[in-house]
Amino acid sequence: MQPRELPGFYYDVEKNRYFPVKAPIPGSSSSTRLSKPPSPPKPGNKICKRIGIRTTKLLRSRELCGSVIPSRKGKCKFEEECLKLHASQPLVWKYQETNRIGDGALEQISTNINTVDGQSLIDVLLTGGVNGCLSLYEVAEAGHHFDYGLKCMPDRVWTPVMEKQTEYSKAVGHICRPRGASLAMQSSISSIKMVGKQSPCTIADGSTIQHVLITTLGSETAGGSVYVLDLMRPLDLNPSIPIMRNRMHEVAPFDCTIWTADCNCKRSQAVIGTNMGAALVNLETKVSSWVCHTRSDVLSVQLDQSGNVVLCGLRNGAVVTVDVREKQGGSFARLTRHRVPYPSHKISEASSRTVQKFSKQWFELKGKIYPACTFFLPSSISCLRSLQLYDQYFLASSMDGSVKLYDHRLIQRGAVQSYEGHVNSHTRIQLGVDPSERFVFSGGEDRGFRIWSIKSGELLFEDEFSNSVPSTLCWQQTQKFSGELDGTYQYGEMHGLSAWIGSEEGVFRMQWR
């Protein structure tokens with residue numbers, strides 16, 4: 001029998017009774033009230049409120065007030081406002097036939113290729129999928145070298161709503177995967193990193209990357225592995241020569257899950273984060289040694305510019321600073337044991353639940369740890385991202401949607417800046433930073449993509465152009481950046497910059513013109 005509708009009441013099928021609409025929902029706290037369901041988003045592009053400022057208005061303010069102009073939040077610099085306005089208006093393309101190839105890792109590099117006219121410099125995009133597919137694509141701009149293989153054409157999926165100029169109709173170049181430029185690895189690709197970091201302000205035109213670090217996650221039957229892709233020899237246009245297979249070399253296999261990896265600027269060492277801790281791998285001697293052991297998975301790692309200190313982001317929400325200069329042994333036995341106390345809020349949360357995740361007031365780990373530099377985020381660490389121009393600062397995100405900026409010298413004072421609006425509950429989502437290190441980028445579990453100002457924390461862009469979570473991100477590495485540490489930038493600096501975004505649905509390219 002169909003229950004009757006009673007004004008002011010709703011019928012609960014499981015409890016077989018009516019409840020008043022204005023009363024608390026059964027099973028919830030007394031303070032929780034029923035709220036109206038969120039209205040569906042209106043069709044069209046979303047633009048953050050602050051981006052309602054027109055370029056003409058900024059120019060008029062500069063003419064009247066000079067380089068320091070008034071705003072709702074007080075006085076601000078004209079150049080900074082122009083850069084924010086420009087960053088909030090990207091164009092986005094999606095490449096055809098790229099589903100499930102870049103949801104594990106992405107990296108764009110420059111390398112040499114042999115042509116009939118000699119060696120030539122090309123840009124290539126390395127993609128790694130959760131399905132274990134590792135591929136190399138030529139990024140075609142003005143022209144292309146590979147006339148064979150899979151050509152993926154771009155389709156525009158997002159255009160700034162404020163501008164409808166003819167230049168936006170011009171598409172970016174296609175990407176092409178030559179025959180022999182794809183490998184099926186034994187498990188998911190967990191990271192792709194250039195061997196030898198380069199500071200954004202020192203990237204020179206014409207520089208090439210000679211080696212690329214690649215790690216696999218591992219499976220039920222085998223652990224993850226560390227590989228190096230050798231690009232010292234120029235690529236060859238001969239379709240009968242496999243591009244990838246003869247250049248991949250296994251450096252170190254592990255009997256554990258490899259979640260992430262990072263390289264130091266000396267191009268000799270890499271650090272990996274696993275379900276057993278963090279290990280240092282010498283890429284020349286192929287010798288590995290453990291620098292940190294913990295029962296909580298290390299989901300993110302970041303080496304500082306000196307290569308002496310590594311930040312480890314753990315599943316229990318801790319961010320631990322480890323000194324890797326001291327020679328470590330191959331086993332955990334020689335590592336120094338530490339007990340790190342949980343913050344009081346995690347202990348109180350555990351006491352109010354049946355889950356015994358934080359039933360103890362401390363957790364144990366081994367290594368050369370700096371206990372005073374250990375701090376916690378509310379949930380599992382999703383990503384750590386160091387800044388290169390300001391080497392003491394780093395970004396951290398966790399799986400409760402928190403994104404924060406920290407100063408390593410003032411860890412115990414808390415975050416320097418917070419970024420609101422991020423949506424995450426259980427997914428490892430990468431953070432991206434533009435070459436000038438003024439903006440931070442990230443996808444979300446709501447399939448939205450967001451851009452914030454690192455300095456002010458303002459949300460500059462928020463929109464959805466993918467049908468799945470944008471989880472990986474990298475920047476075009478061949479762009480030359482001329483920024484200075486004092487923050488003097490020109491309005492046109494973001495013109496021509498590109499970011500690559502990967503999701504299960506496909507590979508996207510975000511560009512500013």
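**Strand β36 and its surroundings**

T472 has its place in strand β36, and this residue of the predicted model is a convenient point from which to read the rest of the chain. T472 is buried, since its relative accessible area is 3%, which falls under the 20% limit used for that term. When neighbours within four places in sequence are left aside, the residues in contact with T472 are G102, D103, G104, A105, L106, Q430, W500, I501 and G502. One of these, G102, offers its backbone oxygen to the side chain of T472 at 2.6 Å. E504 is 32 residues away from T472 in sequence, while the C-alpha atoms of the two are 9.9 Å apart in space.

S471 belongs to the loop between β35 and β36, and with a relative accessible area of 10% this serine is buried. Its contacts, again without the neighbours within four places in sequence, are D103, R428, I429, Q430 and G502. The side chain of S471 reaches the backbone oxygen of D103 at 3.5 Å, whereas the side chain of T472 reaches the backbone oxygen of G102.

Strand β36 itself covers residues 472–475, with T472 and C474 pointing one way and L473 and W475 the other way, and all of them are buried. In a regular strand, side chains alternate between the two faces of the sheet. The partner of β36 is strand β37 (residues 498–502), which pairs with β36 in the antiparallel sense over four bridges. Within that pairing, C474 has W500 of β37 as its bridge partner, and W500 is also among the residues in contact with T472.

Before the loop that holds S471 comes a hairpin. Strand β34 (residues 448–453) and strand β35 (residues 459–464) run antiparallel and are joined by five bridges, with F449 standing opposite D463 in β35. Five residues lie between the two strands of this hairpin, and G457 takes a positive phi near 80° there.

F449 also leads to the aromatic side chains, for ring pairs link F441, F449, F465, W475, F508 and W512 into a cluster. The cluster thus draws in W475, which was met above as a buried residue of β36. In the structure as a whole there are 16 aromatic pairs. In the pair of F375 and Y406, the ring centres are 4.5 Å apart and the planes stand at 40°, so this pair is tilted. F375 is placed in strand β27 (residues 375–376) and Y406 in strand β30 (residues 403–407), so their rings tie together parts that are 31 residues apart in sequence. Both F375 and Y406 are buried. A ring takes part in another kind of arrangement at W362, where R339 lies over the face at 3.9 Å from the ring centre.

Strand β30, which holds Y406, is part of an open sheet of four strands in the order β28-β29-β30-β31, with antiparallel pairing. The edges of this sheet are β28 (381–386) and β31 (417–418), and each has a single partner strand, so one side of each is left without a neighbour in the sheet. Strand β29 (residues 393–398) pairs with β30 in the antiparallel sense over five bridges, and Y393 has D407 of β30 as its bridge partner. Strands of a sheet pair through backbone hydrogen bonds, either parallel or antiparallel.

The cysteines call for a separate look, as the structure holds zero disulfides. The closest cysteine sulfur to that of C176 is in C152, and at 7.8 Å it is too far for a bond. C176 counts as buried, with 3% relative accessibility, and C133 is buried as well, because its relative accessible area of 18% is under the 20% limit.

Helix α2 (residues 78–87) is mostly covered, with nine of its 10 residues buried. The buried residues of α2 include the charged-type positions E80, E81 and K84 alongside F78, C82, L83 and L85.

Taken over its whole length, the chain has three helices and 38 strands, and buried residues make up 52% of its 513 residues. Of the contacts between residues at least 6 apart in sequence, 59% join residues at least 24 apart.

Technical notes. Residues are numbered from 1 along each chain as its sequence is written. This is a predicted model: local features need pLDDT of at least 70, side-chain atom pairs count only at pLDDT 80 or more; totals for chains, interfaces and linings use all residues. Side-chain values use heavy atoms; hydrogens and water are left out. Two strands pair if DSSP finds at least two bridges between them. Rings of Phe, Tyr and Trp (its six-membered ring) pair if their centres lie within 6.5 Å; planes under 30 degrees apart count as stacked, over 60 as edge-to-face and the rest as tilted. Buried means under 20% relative accessible area, exposed over 50%, partly exposed in between (1.4 Å probe, protein chains only). A charge sits over a ring if NZ of Lys or CZ of Arg is within 6 Å of the ring centre and within 35 degrees of the ring normal. Contact means heavy atoms within 4.5 Å. A polar contact is a pair of N or O atoms within 3.5 Å; within protein, one must be able to donate a hydrogen and the other to accept it, and residues adjacent in sequence count only if both atoms are side-chain atoms. A disulfide is a pair of cysteine sulfur atoms within 2.5 Å.
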